[in-house]
Structure formats: C-alpha cells, structure tokens
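User: Please take a close look at one part of this model, the place where the two chains meet, and describe how they come together there.

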2 protein chains.
Amino acid sequence: MAGFPLLPHQQIGVDEQSRAIQNRDLQLAVSNRKIASMIIELVNTGSELMLGRVLNTHQQWLCRQLADLGYLVSRQVAVPDTGTDITAAVGEALARADLVITTGGLGPTSDDLTRDLIAAMFGKTLREDAEILAHITEFFESRQRRMPERTRVQALVPEGALVLPNPHGTAPGLAMEVRPNPFRASKASWLVMLPGPPRELRPMFKDAVVPLLRRVLSLPAAFVCRTLRATGIGESVVEERVSAPLQPLVQLGLELGYCARPAQVDVRLAARTADAEALVNRAEAIVRERLGDFLYSHGEEEIEATIVRRLNTLNQTLSLAESCTGGCLAHRVTNVPGASAVLLAGLVTYSNAAKGKFLGVRATSLDAHGAVSEPVAREMAEGACRETGADYALAVTGIAGPSGGTETKPVGTVFIALAGPFSTIVERKFNPFDRETFKQVTAQQAFDLLRRKLPAPR
Amino acid sequence: MAGFPLLPHQQIGVDEQSRAIQNRDLQLAVSNRKIASMIIELVNTGSELMLGRVLNTHQQWLCRQLADLGYLVSRQVAVPDTGTDITAAVGEALARADLVITTGGLGPTSDDLTRDLIAAMFGKTLREDAEILAHITEFFESRQRRMPERTRVQALVPEGALVLPNPHGTAPGLAMEVRPNPFRASKASWLVMLPGPPRELRPMFKDAVVPLLRRVLSLPAAFVCRTLRATGIGESVVEERVSAPLQPLVQLGLELGYCARPAQVDVRLAARTADAEALVNRAEAIVRERLGDFLYSHGEEEIEATIVRRLNTLNQTLSLAESCTGGCLAHRVTNVPGASAVLLAGLVTYSNAAKGKFLGVRATSLDAHGAVSEPVAREMAEGACRETGADYALAVTGIAGPSGGTETKPVGTVFIALAGPFSTIVERKFNPFDRETFKQVTAQQAFDLLRRKLPAPR
C-alpha cells in the first residue's frame, strides 16, 4: 500500500501526532471553523526552478497527497526567490484560496525569504522560539558539526504562527490562520509554509499538516480512494471495458479516473458519499471482473514489488539474465526492500562471450540464430536457472537501439524468456521506443510474464 | 554536449527551419519589434497535474531551454483543464509578460480547450487549415488507422495565428502576437501554445519556437552558457574554492550558479556581454584550475557517459560486479548508446553463492570478513576481470538498508573496488541514505574511481 499512507482507514498514529502539535506551547488558538468546499493553491519558491536546474516534484507529491484525502488543488504557482515575486504570488493565492501551501525559503541562507516576507505581509513580529533553537543546536551537536550562526534565524517564528516540527532538518514548518485576510475581505484562509527539501517536507506533511487540516478544515469524513493497476493492456481498451459498466456507479457519486504510463494503466476509484466504502467496493468488483488477470496489484505497488512480495511468500527464488535491458530488471528488483531473500543473481551478459561463459548459451545457437533470437533467450533463461539454482529465471535479449536493427529484427525487437518448474516460455515483443523507455517497457513485460505464471496467492 | 543543443554556436539548421516557417502560407505579418528585457511566463494546463498523477516535466525542460538561450522564466503556473481556470491564468500572464507559453489542451478530446478559449478571448474566428488537415489525414493513413472525426478540430487555427508544425503528432502548435493586448494596455505580447506530449513539444520548441523567438524577440546575440560538472566534492567546498577568484569576472558580467545533486555539483558559467565567449573561457580556466580533477566533464555529460566515451577511445573494456547496488551501475552504463562496445558483463551477485560461483570469491573470505568487506570487494573486482577478460572491473558490496547494519558496519557502509592494469584499489565509503539514493551515490563514487584511473584523454 506504499503511496496511499493517508487513506482514512489507515490513519494510525495520527491522534498521537495531532496531540504532539496541540501540546506545543504556542499562542495560537486554533478555531474549529470548517470549510465546506476547500480551495487549495500551491506556491513553490526557488530561483533554481526558474533556471530549469531542478525538477519540481513537490507539486505532484502534494497534489497526490491532497487528492488521496479528497481534495483537488486548483492552482500551482512557482516563482523565483525574490521578495516581490513571493509576496505577489502568496497574496494572489490568498485572495482565492482557503488553504495556501508554500514550499521553500525557510532555510538559513540569504535567499531564504519566506519567513520574513510573511511576517511583514501581515505585520507580525518575529520571536525566537527556544524549543526550535534547542532542536537546531541538538541537530548540529549530534552530528558533531559546528552550528553556523546564520542557522539561528530558523528559530524565528511570526507571532501567532503554529510550528510544524522538522525531525529531518533544522528549518521547522509554519502554519497560520490569516484572519482577517486582507486579500479576501470576508473570508479567512490558512497559510502553511513547508521547507524545500523533499525528505523534510514529506514527513512533515504527513505527520503535522494532515492532522492540522483534519482539525481546522473539513476533510471529508468518508473519502475513499483506491487505485488498481493493470499491465499488458492499453488505456483505451481499459476504458472501453470498464467505463460503461461503471456508469451507474458514477451516477451515484463514484469518481473515476485513468492514468496511462509506459506499459501500465492506473484506474482510480474514489467516492466521498456517505456509503463511499461500499461504492468503491462495488466499483472495484466490476473492474476486477472486467480486467481480470491484467490487474497485477491492489494499491500502487510497482510490479517488481508484487513479484518480490509473492516470491517471498512462496519462499522461492529468482535469477535474471539480461542483455539489452542491461541491468534494468536487476536494478528495479533490488530497489524493493526484501529483494535479497528472493534474488540470487542478475547476469548482465552484454557480450556473446559472457552469454556462453556465465549462462552456457551455445556458440552454435548464437551463430545460427544471432544473439537476439528465441533459442538464445531460451538458453539464457534455462542457463540462469541451472547455474544459480533459482526456481525461476527471466531472460531478455533484444535491440534497444538507436542502431543495430535489421530488416527482420528492427530496433525494438526483443525476446523475453521465463524458465521455471514448467516448459520454458519465450515471447517476442516489439518496443520501438527510445533507449530508456525500451528498457523500462521490456522490464515491465518480463515481470508481467513471471507474475502470470506464479502460483496464485493464498 | 547533450542537453545544450541551443547554444548559439550550435544553431545549425535553424535558418532552414526558420525559412520553413516563413514559407507557410499564413496571413500573419511578423513584426520585427525587439523586446530588450523579456518577461516570460509558462502556463501548463491539465487536470491530471492537479490530481498528482503525472509529474510536470515541461516546466523544467522549458526553463532550461530558455535559460540556455539567456532568459529567465519569471513565473510558472499550472491549472486544471477548465475554461475559467485557463482563461484566468492566460489573461493574468499576458498582463505581466512579453512571452507566454502554454502547454496542453490542443488535442482532439473534449477536455482540450485551449484553442477555442484563446480564439474566444481575442474575438478571433477559427478557420480550418488545409495543410494541417492534410498532415493529420496522412498521419493516420501512414499508420493504417482510421482517422476519428473529432481529430479534425486540430486543423482549426485562430485567425492571424502562426502554425507550428508537429511532425511527431497531429496537434500543431500555435503562435500569435497579442496586439493590442487587452490585459496590458500599452504593450503587445506573444502567446505560444504547445501540445502536451513531451515527444511533440520538445522538437517543436527547438525546431519552430526558437527560430520564431530569434526572429520576433530579442534573443541576446552573444549569450554563452557553459556547465562544468564536479563529483567527489561538496557544494560548499566548490563555492569556497571558486567564488572569490571568479568575483572580478562577476563584476564584468559573468553569471555564476551552482546546483548540487547527490554526489555531483554543477557549476554554471554564463555571460551575455559583447565578449561573452572570452569571459566564459576565462571563468572556465579559473574553475578548472581550482577544481582540477574533481571536474569530470565539460558539458552536461553524465559520468557513465564520460566513462563509455573514454573507454571507447582507448579501445578498452569494462565489467561490473555488484552486490548492494543490484544492477544500478550496469543499468546506468547501458543507458549510454555505445555501451555495448565497452561493457562485457555485469554480474549482480546478490547471494554469497553467486559471488563464489561467478566471481570466484572464496568461502573463507566470506566467512572470515563477511560479504561487506575489503577482501570480498577486492576478490569480486579481480574475479570479474579474470572471468570476463575485461581491462577494468568495478565491484561494489555494501549495506543499502533499511536493515542489515551492524555496530562496526552500519547501514550505508560500502566497499568499492577497482581492478585493472595496476594493483587493485579498494575504497570504503559511508552513504547513509535511503535505498535508491544509496545506490545512485555509490554508483557515482564507483564511476569516479574508474574515471580517475583511466589514462588521460589525448
């Protein structure tokens, strides 16, 4: 269930975190005002974003978290680290939104301006928070590093703001109710300021911002959101199969969405009705019935995680023999914690000599059929099983391009073989994509071949 | 020089493309007005962005392209695919900017609204363009697919707009001078509308938008931008070493920037003065003198590409023996076109048995020192050289975590070995990061170890 940590039925520990926030000695009186339909905007600050040196992943991550809570962000804005740009963007967002989330600009360097600008915008004084200062001091001491004097500014808190603790860094987050809101005469708004580094922002959002939102804003009580992942089937075919049968449930309030990626389609089912759970359950049953074995996981598990999980349960092992994917399968499998109990070896046999030496592929097969061929894929997979003693082996040989194609085997041609306790299976695929997409799509197809042959769970 | 295709001295073929645009039978009279200091804003449309299902890579890509041309984007906005949101965002951008670039909303489906909305905003009628329609028809015919009737809307062009051809898809881009600009009484602006899919947007930007901008807006004549990449040194140390000696050149107009990534620091040198080339050359000489061997490449080449390129020149080969990095090194090396001439094999020996069988690591070494140890790393590298006949072999063994650490070898401990025509080198590193960052940082360190030992180029 990685990626869905905020589903309502999974809110374990939230009360504890919420209490931790309430217990902080702060002057803020949190009002219990609830906003029926919340307008949310994001403001990311950072001159490096404007130079295109850094990919902004905050927008997607925050939108995804909020969507899984039942909210749609209505605008994302990114501006450089200058006072006028940040002030203008935050003011415009506060004129429209009930909740404005900013990222960045809370650090210790001279281009970190958010804290000072926000205090100035609302005429708040900054006071040094002893608890934050102690945290920062401790942070440096525990790492046996000198605390630069400039770091101290991170302990400054605008009067009336709530502090969001940062266990992974020195700059705390800040939250304040903007009331009165000078940009939106009749309505108050919440302003939440988060630090820029993802490893600090993400846990802070989950551990401090979500409990805060639950307390001060109206998170829908019954919001349920579930994603089913399919592979080996195109987006339009998925839509064709499930759209009509789901239509009656859409009438009842089901929110339905599709998202296509290379060799993967996500079907998102959500509801915020009183019977949300039952509605999503009914929708899931229909999607399962219509897509059957094309669905590989419940939740947003990657297919390599599905495989590692199921092989672990079965107490069985896997080896990999790769040519054109060049280690992509091994890299993906070993990204999954627990892979070491499952994966015995990955043999990236790029040269023909390596195919012979490590996998026992016969020179006669290479000569007669070429390295990209059904017999060689078969011998690679069977050799990987034999040489490593694994229960299953996947083998891949193909032409990733950009060069190397022929008339009968154009760039994109690939043979995928699976050896195991059954006759070896070899599939021929055609993936005429750029080099990296080729590797990822081929890996997905190989993992899916194995998934379909593993004994069913339970 | 991948990633820097738009440097002025590399503008090969731009005139041809520019002429192709001028030759199109369009009513637009392009004015030769030049804007001295251009304000640029991006507006991305897409409800999927707001749900966090898709990572927005357009902003970074476009900002990077524009920065390499000498321009800084001053605001990025993303809004859902609704008429009011798009109209508001475009109108607000036009009130501030000389150039507004939109992405998305030009396709054939019912949520593709940009074309209609822009025409309505400026009271332009839409006319069907015969040339575009022929392109769309041909696009489907050449793929032997039926052309859905709805696709035809993509041939509609707002009166007075310039068409930007789309060789990679059916929806052309559009460009129009907004004059008079109702949102900014005294100044005209340019509005450029690009399709959403990156494989369509990117070539269109390079082949059609850049020539257009050169023609109608004031791209700086002498803008030069160069990036030097360092590894094995922290950002603050880089800054400490080069900042003061570069200060006199900054006074003369040098633009200096740093960007830190895991185990890598980019130093960006740019200038737009009359002597830009000479200024950047002087700056580069200083940075090279100060950072020396920490710099691994000129231009934005990844370090694995540096290695493949240099091994190819040397006509030498490489093998890899990986434990904790699980194929990450092999995956990165094989992402580089031309890797097949260099990489003989990558052996992902996750289990101890595989280390023994494929690399000849002795059971006594594993028993006495453990798999994560200096002797085992050494035997892995030497075994990979011996077993594959490669000139060089890199080996990696460590503890990626999240579990498996001990008192003396905590999670993050890693041994990197390099075997070759010299005594095998083993380095111990400590990379206490999450699993994926651990793999990437370790790979970077391993590649750098090899790079430093390769005979110097030329």
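Analyst: Every interface residue of chain B, 100% of them, is also an interface residue in chain A, so the copies meet through the same surface. This is a predicted model, in which local features need pLDDT of at least 70 and side-chain atom pairs count only at pLDDT 80 or more, while totals for chains, interfaces and linings use all residues. Residues are numbered from 1 along each chain as its sequence is written, and chains are lettered from A and ligands numbered from 1 in the order in which they are written.

Across the interface, 53 residues of chain B are in contact with 53 residues of chain A, contact being taken as C-beta atoms, placed from the backbone, that lie within 7 Å. On the side of chain B that touches chain A, the residues divide into 26 nonpolar, 18 polar and nine charged, where Ala, Val, Leu, Ile, Met, Phe, Trp, Tyr, Cys and Pro count as nonpolar, Asp, Glu, Lys and Arg as charged, and the others, Gly among them, as polar.

A turn of 180° with a shift of 0.3 Å along the axis lays chain B on chain A with an RMSD of 0.4 Å, the superposition being by least squares on the C-alpha atoms of residues with pLDDT of at least 70 in both copies. That is the relation of a two-fold axis.

Strands from both chains take part in an open sheet of ten strands with mixed pairing, in the order S17(A)-S16(A)-S15(A)-S13(A)-S14(A)-S14(B)-S13(B)-S15(B)-S16(B)-S17(B). Here helices (H or I, at least four residues) and strands (E, at least two) are DSSP runs numbered from the N terminus, and two strands pair if DSSP finds at least two bridges between them. Strand S17 (422-430) of chain A and strand S17 (422-430) of chain B stand at the edges, each with a single partner strand, so one side of each is left without a neighbour in the sheet. From one strand to the next the twist averages 10°, with angles running from 0 to 180 degrees between N-to-C directions and axes fitted to C-alpha atoms, for helices over the stretch in contact.

Within chain B, strand S15 (residues 392-398) and strand S16 (residues 413-420) pair in the antiparallel sense over six bridges, and B:Leu394 stands opposite B:Leu418 in S16(B).

A further link between the chains is formed by strand S2 (residues 73-79) of chain A and strand S2 (residues 73-79) of chain B, which run antiparallel and are joined by three bridges; the bridge partner of A:Ala78 in S2(B) is B:Gln76.

Conventions
Contact = placed C-beta atoms within 7 Å.
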